[in-house]
Amino acid sequence: MASHLVVRACPPFRVPGDERALLDGPELERAQAMAARTREDFLAGRVAQRRFAAGLLGVEASDLTACYSCPRCGTGAEISHGRPGYLLRGAPAPLLLSLSRAAGWTLLAGVVDPDPGLRLGIDAEDPARTDFEGFDAVVLTPAEQADLAGLHGAALLRGRARLWARKEAWLKMTGTGLRTAPNTVDVRQDGQDGPAGRPGLRDLPGSETGLPAELVAAVALAVNS
Ligand SMILES: CC(C)(COP(=O)(O)OP(=O)(O)OC[C@H]1O[C@@H](n2cnc3c(N)ncnc32)[C@H](O)[C@@H]1OP(=O)(O)O)[C@@H](O)C(=O)NCCC(=O)NCCS
């Protein structure tokens, strides 16, 4: 059976104290080191992700143990950052996961029983967050900067956010994240199939994510060779 992508947007919410117990020690330790606002968003995303994963697998959320993979630190239940994943009763759960937070929302993607070698990345962006001096130089390739040159105001911010979401989705899929400089990753649209040379990368419309219309999103689902 072809690997089937499921996408879900979760609106902003505050995790009640008793629900925090659903999370594992390393997740709660990481939350402890965060500023209050960031911590609330982090906890909401992690609880939403755990419930999403449990629903896809048809198990209880409490049966899962968070098991992250960082390109620098490795993989294991003691790692609470990097690519998300879970153990199910001690064995790797047969599930690809990706998460992104924007404007208090959490965007989740999952694939159960993925084909061998398949990788997943998702990203949501708030165009308002791209409104700063230096964005173009840090994030965009020269060709992308030229593409946006005629845009101003809201259209410019949306154009920037669109490219930024594609880049982060792609870099989560490859697993390197921002260890790869985003201004070296060209994600310009090239025909109907999405950016050239980046199979499986595409924009996600609000009708597919359930995110508010002002946010943009992209997904990458591909075999990472
Ligand atoms: C991945 C990354 C681009 C996301 O940045 P962001 O825009 O701030 O955040 P988003 O809300 O869109 O996504 C956050 C999620 O990305 C995922 N993520 C983080 N690193 C990831 C990686 N290497 N591969 C795939 N997904 C990753 C996690 O699920 C994270 O959720 P969490 O906060 O619950 O842990 C950025 O965090 C990054 O580059 N991280 C890796 C940097 C690195 O490797 N550092 C070495 C640490 S030792």
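In this predicted model, 18 residues of domain 1 are in contact with 24 residues of domain 2. On the domain 1 side of this contact, the elements that contribute two or more residues are β1 (5-10), β7 (95-102) and β8 (105-112). Sorted by class, that side of domain 1 holds twelve nonpolar, three polar and three charged residues. The domain assignment of the protein chain places residues 1-115 in domain 1 and residues 116-225 in domain 2. The centres of the two domains, taken over C-alpha atoms, are separated by 22 Å.

**Strands of domain 1 at the contact**

Two of the elements that touch domain 2, β7 and β8, are also partners in a hairpin with two residues between the strands. Eight bridges join β7 to β8, and the two strands run antiparallel. At one position of this pairing, Ala102 has Trp105 in β8 as its bridge partner. Within the hairpin, Ala103 adopts a positive phi near 50°. Seven of the eight residues of β7 are buried, so this strand is largely enclosed by the rest of the structure.

**A further sheet**

An open sheet of three strands has the order β2-β5-β6, and its pairing is antiparallel. The edge strands of this sheet are β2 (64-66) and β6 (91-92), each of which pairs on one side only. Strand β5 (residues 86-88) is joined to β6 by two bridges in the antiparallel sense. Leu88 has Ala91 as its bridge partner in β6.

**The ligand shell**

The shell around the ligand draws at least three residues from each of domain 1 (1-115) and domain 2 (116-225). Of the 22 residues in this shell, Arg83, Ser100, Lys172, Gly177 and Leu178 come nearest to the ligand. The elements that supply two or more residues to the shell are α2 (36-57), β7 and α5. Strand β7 is thus named both for the ligand shell and for the side of domain 1 that touches domain 2. By class, the shell divides into eight nonpolar, six polar and eight charged residues.

**The sheet β9-β11-β10 and helix α5**

Three strands form an open sheet in the order β9-β11-β10, with antiparallel pairing. Strands β9 (118-125) and β10 (201-204) stand at the edges with a single partner strand each, so one side of each is left without a neighbour in the sheet. Neighbouring strands of this sheet are turned by 20° against each other on average, with direction ignored. Strand β11 (residues 216-223) is joined to β10 by four bridges, and eight bridges join β9 to β11. Of the eight residues of β11, six are buried, and the strand is mostly covered.

The following table lists residue pairs that stand opposite each other in this sheet.

| Residue | Partner in β11 |
|---|---|
| Arg119 | Ala222 |
| Arg202 | Val219 |
| Asp203 | Ala218 |

Which helix lies across β9, β10 and β11? Helix α5 (residues 153-174) does, and it runs at about 155° to β9. This helix is also among the elements that give two or more residues to the shell around the ligand.

**The surroundings of Phe135**

Phe135 is found in helix α3 (residues 135-139). Is Phe135 buried or partly exposed? With 16 other C-beta atoms within 10 Å, Phe135 is partly exposed, because that count falls between the cut-off of 20 or more for a buried residue and that of 12 or fewer for an exposed one. When neighbours within four places in sequence are left aside, Phe135 is in contact with Thr130 and Arg160. Phe135 and Trp164 are 29 residues apart in sequence, and their C-alpha atoms lie 9.9 Å apart in space.

Technical notes. Residues numbered from 1 in each chain as written. Predicted model: local features only at pLDDT ≥ 70, side-chain atom pairs only at ≥ 80, totals over all residues. Pairing = 2+ DSSP bridges. Axes fitted to C-alpha atoms, helices over the stretch in contact; angles between N-to-C directions. Contact = placed C-beta atoms within 7 Å. Domains from an automatic or database assignment. Nonpolar A, V, L, I, M, F, W, Y, C, P; charged D, E, K, R; others polar. Near = placed C-beta within 6 Å.
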